[in-house]
Amino acid sequence: MGEAELSLAAVRDALVREEDSIVFALIERARRPRNAPAYAAAAAAGGRSLAEFFVREAEVLHAKAGQYQKPEDVPFFPQDLPSPLFPTKDYPKVLHSFASSVSVNDAIWKMYFNELLPLFTVDGDDGNYAETVALDFACLKALSRRIHIGKYVAEVKFKDASQDYSPLIRAKDTKALMNLLTFKAVEEKVKRRVEKKARIFGQNVTLEDNADKQEGNAGDSECKVNPEVLSKLYDLWVMPLTKDVEVDSISVQASLNIN
Ligand SMILES: O=C(O)C(=O)C[C@]1(C(=O)O)C=C[C@@H](O)C=C1
């Protein structure tokens, strides 16, 4: 995002767009069963799982190709990532460079594998492990990007009301900070919208005319991912983690302005 786009409305629009990527990534992953062996320690990868091996190697490739330059593109394994081999775009600096250090990817990783995956994949093993972990990587990237867009939300909110945020930062009052940047009504709308997107994007589209089955009216059991899982994902993890990113980023911004 560039400076001109940095308004709360524009950042919220970016968050809405990311919902599509998350819903589609989950729908794609749900085509495969759980495939547990992909997550077990493997001697071939020095004791790491295939999933971890795949993400680490993919991030090396992506870094060489020029990714992870933007504040919202955060690698899961930042240690020793190579520099881009090709010239990269000069992104306008809208966030303080310290914002690039804010990451909740460890929490996203644990949440995805321990909590989310069992909610939207069926038990089973079809042996398609390489495909499965590539689909996991797409889910992780989409979730991480959405959540780290919280850095821009933080910047906008702090700029618009630094007089309200600064005393709370100084007092290290994380709870009050959380309250200040929370908009319950917005959160309710987000949950309802992602649930609806899962219902619309995840239905089987046919050419038959059926008055009962207009878009958005597919029964939840016919959807490729249960729409309620999307609402729960956002309620329990995506929005709370976005707010953690906001608090961390605001604290960085504020400490630079206050001290
Ligand atoms: O829209 C905002 O103001 C945000 O901070 C984003 C977000 C979200 O993650 O969707 C997080 C906190 C707010 O309570 C509402 C929504």
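Visitor: Which helices each supply at least two residues of the shell around the ligand?
Guide: Helices are DSSP runs (H or I, at least four residues), numbered from the N terminus. This is a predicted model: local features need pLDDT of at least 70, side-chain atom pairs count only at pLDDT 80 or more, and totals for chains, interfaces and linings use all residues. Residues are numbered from 1 along each chain as its sequence is written. The helices that each supply at least two shell residues are α1 (8–29), α8 (184–201) and α9 (227–258).

Visitor: Which helix gives the most to the shell around the ligand?
Guide: A residue is near the ligand if its C-beta atom, placed from the backbone, lies within 6 Å of it. Of the 13 residues around the ligand, those that come nearest include Met 239 and Thr 242. With four residues, the most is given by α9.

Visitor: How many residues of α4 are buried?
Guide: Helix α4 covers residues 129–148 and has 20 residues. A residue is buried if 20 or more other C-beta atoms, placed from the backbone, lie within 10 Å of its own. By that count α4 is mostly covered, and its buried residues number 14.

Visitor: Are α1 and α4 roughly parallel or roughly antiparallel to each other?
Guide: Their axes, lines fitted to C-alpha atoms over the stretch in contact, come within 9 Å and cross at roughly 160 degrees. Angles run from 0 to 180 degrees between N-to-C directions, with those under 35 counted as roughly parallel and those over 145 as roughly antiparallel. Therefore α1 and α4 are roughly antiparallel.

Methods: Expected span 1.5 Å × (residues − 1). Buried ≥ 20, exposed ≤ 12 C-beta atoms within 10 Å, placed from the backbone. Parallel < 35°, antiparallel > 145°, perpendicular 65-115°, else oblique.
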